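Hello,

Here is the structure I promised to pass on to you. Have a look at it first, and then read my notes below.

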Amino acid sequence: MAEIQLRVNGEDVTREVPDETLLVEFLRETLRLTGTHVGCDTSQCGACTVHLDGVSVKSCTVLAAQASGGAVTTVAGLRKDENAPLHPVQDAFVQCHGLQCGFCTPGMIMSSSFYLRQEPSLDEESICHALEGNICRCTGYVNIIEAVRHAAHAMYPSLGDATTEDATR
Amino acid sequence: MIGQPIPRLEDRRFVTGNGQYTDDLRVEGQVHAAFLRSPHAHAALRSIDVSAAREAPGVIAVLVGQDYLDDGFQGVDHVPNPIDAIDATKKAFLTSSTGEIFNQLHVPLPIDRVRYVGEAIAMVIADTALAARNATEMIEVDYDVLGAVVNAADAMQEGAPRLWAGAAHNLCFQTQIGDRNEARRIIADAPFVLTREFHHSRVVNCQMEPRAAIGMFDAESGAYTLISGSQGAVRQKLCLAAALKVPPSQVRVVCPDTGGGFGPRSFIYVEQLAVVWAARRIGRPVKWTSDRSEAFLSDYQGRDQIVRATFGFSRDGRILAIDNEWIGNVGAHTVSYVPMSNGTRIMTTVYDVPLAAVHISAVMTNTVPTAPYRGAGRPEATHVIERMLDLAAAELGLDRAEIRRRNLIAHEKLPYRSPMGLTYDSGEFARNMARALELAQWDGFEARRAASRANGMLRGIGLANYVESPVGAPRERIELTVLPEGRIDIVSGTQSTGQGHETTFAQVIAQHLGVPIASIALRTGDTAFVSVGGGSHSDRSMRLGGMLLVDTAAQIVMLGKRVAAELFDVAPEHVSFANGVFSDAASSREIGLFEVAAHVARDGLPGERAKRTLYAEAEVNTRVPAHPTGAAVCELEVDPDTGVVKLVNYTSVDDVGQPINPLIVEGQVHGGLAQGIGQALSETCYVDRETGQVLSGSYMDYGMPRAGVIPRLNLELTEDPTHGNPLRVKGGGESGITPATATIFNALADALSEYGTDELAMPATPKVVWEFIHRDA
């Protein structure tokens with residue numbers, strides 16, 4: 001058994017789990033943070049993406065024990081609390097219809113918010129590269145890419161008006 | 001409200017991680033199941049020794065198929081033969097030259113033989129999922145490996161390995177639709193005859209949510225509960241009840257948020273049956289969650305249809321007759337014949353074809369069972385006729401748009417009855433094509449081709465027209481309740497797997513009852529309160545559900561008028577209703593809808609004092625035809641050095657009827673298009689022809705489309721109104737996918753024409769394209 005100490009979505013947690021416990025299992029099964037999803041078993045789909053010490057990781061590729069001592073943010077922790085407004089990326093996914101079934105969405109949002117941690121390039125190629133590790137079956141990615149642009153404009157006023165980008169679609 | 005592109009009401013829970021999919025749920029006392037799956041495509045099971053597994057740590061039970069039969073249960077009847085597209089009282093397929101139409105009950109774990117790689121053989125139930133999985137490896141199975149056949153055409157051959165005693169030559173059925181003799185007579189006399197074979201590759205559903213199921217049994221009442229994501233809880237309930245030999249009232253199916261459907265999840269899976277059965281056996285809730293590797297081996301798959309097309313043309317390019325041979329790969333169990341019924345019904349699509357005939361063979365093979373996959377036969381049919389038109393145009397020296405213009409059904413011929421019996425009441429086929437050509441700048445293409453050529457690239461453009469045949473389950477139900485506290489409750493039989501019903505259904509009611517959209521809540525997916533309904537498939541939810549929403553809203557208005565009339569002391573015909581308010585012009589008296597509901601709660605309905613709810617219900621159980629239609633153009637570039645195909649521009653003009661929410665409709669087009677592009681260029685389930693081994697068993701080797709799959713897009717919605725339903729809904733879920741492989745393959749053939757005119761294999765991966773270009777070298 002391994003003792004795991006993590007700061008998860010701003011709260012300190014300590015739990016003892018089997019050594020082989022993956023971070024995603026720790027989040028989903030131990031902490032019941034089921035917003036982080038498991039969509040594959042080969043680290044391809046990205047549904048389990050979270051931020052570990054501010055860096056986007058696939059939580060199915062990290063042992064909980066490896067993460068111990070670190071800080072994890074999941075899709076449930078992007079906002080300060082449940083009453084806070086949506087994070088700009090969450091809001092952009094809603095506004096742009098960037099989701100359908102919603103299963104890949106938490107991972108898409110975490111990858112996107114990592115991409116947008118600093119002022120990003122908003123050309124299609126750069127955004128697609130940032131989302132290369134996340135698979136969606138419903139949307140064809142069109143509105144996900146749009147949501148990333150929309151969120152970028154909300155987060156970085158220096159980028160100007162979002163509607164000018166939309167013309168490329 | 002109808003027609004507005006409003007963001008979805010359900011999204012907040014999904015973007016905050018508060019969606020509730022089956023695997024997110026935990027039931028008190030639950031234990032976990034894992035399945036041992038077959039490593040062989042075809043093998044007799046000499047013996048299954050579960051003794052070591054039973055002793056493994058944490059293991060509660062190990063079950064095999066014989067245990068299921070010993071408990072007195074029977075296999076699942078998937079009802080593979082669908083309801084007819086025109087007459088809902090009939091089946092799609094009525095006769096078979098083989099005698100009867102084969103339908104093998106599907107025992108959840110096979111008794112004496114496995115028939116595809118990945119078929120579940122035994123089920124381990126343990127305290128944890130890991131313990132269950134580990135114990136599956138301790139089961140000893142003595143296999144007698146048999147010859148396998150995975151290709152439908154191979155399976156029909158004399159001497160091919162045979163899967164089921166009841167299916168001679170591996171045929172589920174073989175039937176003729178249309179007058180083949182007459183078609184052949186016309187074709188024999190035709191000035192130009194074209195024959196070609198098309199293989200529509202097998203694709204994996206790849207919904208993002210791996211399947212999961214929780215089974216429960218209440219020993220006191222003898223009632224079963226299944227919690228499991230699907231495309232429709234009612235069908236699942238009926239199938240489970242029949243297999244478990246209990247009345248449907250003894251089975252409850254709960255469908256939480258479902259992470260994608262696309263067709264295959266309309267049908268029940270053996271794991272869903274197995275967990276409820278096991279729950280009864282061991283007296284505890286049993287949970288199972290698939291991993292992605294299992295999904296690649298056991299989720300019902302799509303397509304895998306072969307069409308041998310023979311068309312007779314006049315010299316000026318008119319189709320005179322069609323004689324097609326359609327061979328569908330059913331897989332190892334009789335789950336669904338839908339792709340064959342849809343595909344053959346719509347075979348002539350938007351073209352005025354005097355005579356068409358099709359001979360259909362439904363064939364069993366040692367592969368995962370197939371099921372409807374987005375479009376389900378219509379993309380295949382569209383692909384065939386659109387490719388044939390391009391090939392004929394080249395042979396006859398006609399422009400590709402011109403040969404289509406000559407064959408399109410003229411608008412003045414509507415309502416038009418196709419040779420396959422479908423009646424199109426609307427559709428501006430010629431105008432849609434003209435608009436797509438205009439948006440795609442078809443006329444300026446040769447300059448772009450030349451520019452690409454100067455850069456060493458091969459550029460092509462392709463066109464396809466389409467029309468659909470929305471069919472699916474004909475029965476649907478809506479219950480609408482206006483609550484005094486200012487809320488409206490809708491219970492619908494159909495349910496969403498991502499289509500946004502909570503928003504679109506609310507938009508319809510908000511419009512028709514003049515209430516705020518936030519006051520409306522939709523409940524679905526639990527047979528505790530859903531009695532009837534078919535789920536989301538075949539563009540049916542808004543087509544049928546919308547009609548019933550309008551009906552129930554009208555009933556509510558009629559009831560409300562009676563209440564208001566009594567309160568105003570006037571005749572009901574003097575009461576008018578607008579913007580959620582009943583009023584009497586003469587007295588200027590008004591009362592809001594929710595106040596009416598409060599009156600009803602207190603005093604009952606006029607003349608029916610016991611009825612204290614402002615409530616309406618409506619049901620349909622018949623065909624409500626509507627035919628989404630449109631045209632698409634794809635422009636692409638091929639790199640001859642690498643075989644890489646890059647889509648550069650895609651145009652789609654879609655008549656989905658009245659879009660309730662254009663944002664959602666466009667999202668549906670995007671999603672369908674991505675699946676179509678995936679099938680055309682990258683996705684296929686590779687199965688070894690000799691051994692039946694699956695060679696594409698993960699996202700690492702299955703060509704799943706990634707971000708950037710859709711090129712620059714010109715998307716336009718149009719409408720030639722249908723009169724078949726009050727909301728003028730045709731359907732948007734399959735508009736993106738239906739013409740996709742056709743346009744892409746037409747564009748590819750155009751780009752590669754100097755290298756030959758034979759058919760590229762699907763998917764046209766870089767390897768396929770490179771070999772096509774370099775085969776003489």
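**Notes on chain B**

Let's begin with helix H18 (residues 662-681) of chain B, which lies across strands S27 and S28 of that chain and runs at about 140° to S27(B). A second helix, H19 (residues 740-751) of chain B, packs on the sheet too, where it touches S18, S26 and S27 of chain B. The direction of H19(B) makes about 150° with that of S18(B).

Before going further, please keep in mind that this is a predicted model. Chain B averages a pLDDT of 97, and 100% of its residues score at least 70. For the complex, the predictor gives an ipTM of 0.97 and a pTM of 0.97.

**The sheet under those helices**

The sheet itself is open and has four strands of chain B, in the order S18-S26-S27-S28, with mixed pairing. Strands S18 (458-467) and S28 (712-718) of chain B each have a single partner strand, so they stand at the edges and one side of each is left without a neighbour in the sheet. From one strand to the next, the twist averages 10°.

In this sheet, S26 (residues 629-638) and S27 (residues 645-655) of chain B pair in the antiparallel sense over 10 bridges. If you would like a spot to zoom in on, Glu637(B) stands opposite Lys646(B) in S27(B).

**Where chain B meets chain A**

H18(B) comes up again at the contact between the chains, which takes 43 residues from chain B and 44 residues from chain A. Which elements give two or more residues to the side of chain B that touches chain A? They are helix H1 (11-15), helix H9 (292-298) and H18 of chain B. The largest share, seven residues, comes from H18(B). By class, this side of chain B has 18 nonpolar, 16 polar and nine charged residues.

**The cores**

In soluble globular proteins, nonpolar side chains tend to be buried together. Here the largest nonpolar core has 250 residues, and those touching the most other members are Ala122(B), Met123(B), Val124(B), Ile125(B), Leu240(B) and Ala278(B). Leaving aside neighbours within four places in sequence, Ile125(B) has contacts that include Val31(B), Ile60(B), Ala278(B) and Val286(B). There is also a second, separate core of 40 residues, with Phe505(B), Val515(B), Val575(B) and Ile660(B) among them.

Another residue to look at is Ala392(B), in helix H11 (residues 378-396) of chain B. Is Ala392(B) buried or exposed? Ala392(B) counts as buried because it has 21 C-beta neighbours inside 10 Å, and the cut-off for that is 20 or more. Beyond its neighbours within four places in sequence, Ala392(B) is in contact with Phe192(B), Leu194(B), Phe313(B), Gly317(B) and Ile403(B).

**A hairpin and a loop residue**

Strands S23 (residues 581-584) and S24 (residues 589-592) of chain B pair in the antiparallel sense over four bridges. Together S23(B) and S24(B) form a hairpin with four residues between them, and Ser588(B) in the turn has a positive phi of about 60°. Across the pair, Phe582(B) has Ile591(B) in S24(B) as its bridge partner.

Asp569(B) sits in the loop between helix H16 (541-568) and strand S22 (575-578) of chain B. Asp569(B) counts as exposed because it has 9 C-beta neighbours inside 10 Å. Although Asp569(B) and Ser587(B) are 18 residues apart in sequence, their C-alpha atoms are 10.0 Å apart in space.

**Backbone details**

Most residues other than glycine have a negative phi, and most peptide bonds are trans. A few places in chain B are therefore ones to look at, including the cis peptide bond that joins Leu414(B) and Pro415(B), with omega of about -5°. Pro415(B) is found in the loop between helix H12 (400-407) and strand S16 (416-417) of chain B. Another cis peptide bond joins Met762(B) and Pro763(B), with omega of about 0°; Pro763(B) lies in the loop between H19 and helix H20 (766-774) of chain B.

Ser538(B) and Asn579(B) are not glycines, yet Ser538(B) has a positive phi of about 50° and Asn579(B) has a positive phi of about 50°. Ser538(B) is buried, with 28 other C-beta atoms within 10 Å, whereas Asn579(B), with 10 C-beta neighbours inside 10 Å, counts as exposed. The loop between S22 and S23 of chain B holds Asn579(B).

Happy exploring, and best wishes!

Note on methods: Residues numbered from 1 in each chain as written. Chains lettered and ligands numbered in written order. Predicted model: local features only at pLDDT ≥ 70, side-chain atom pairs only at ≥ 80, totals over all residues. pLDDT = per-residue confidence, 0-100. Pairing = 2+ DSSP bridges. Axes fitted to C-alpha atoms, helices over the stretch in contact; angles between N-to-C directions. Contact = placed C-beta atoms within 7 Å. Core = buried A, V, L, I, M, F, W, Y, C linked by C-beta atoms within 7 Å. Buried ≥ 20, exposed ≤ 12 C-beta atoms within 10 Å, placed from the backbone. Nonpolar A, V, L, I, M, F, W, Y, C, P; charged D, E, K, R; others polar.
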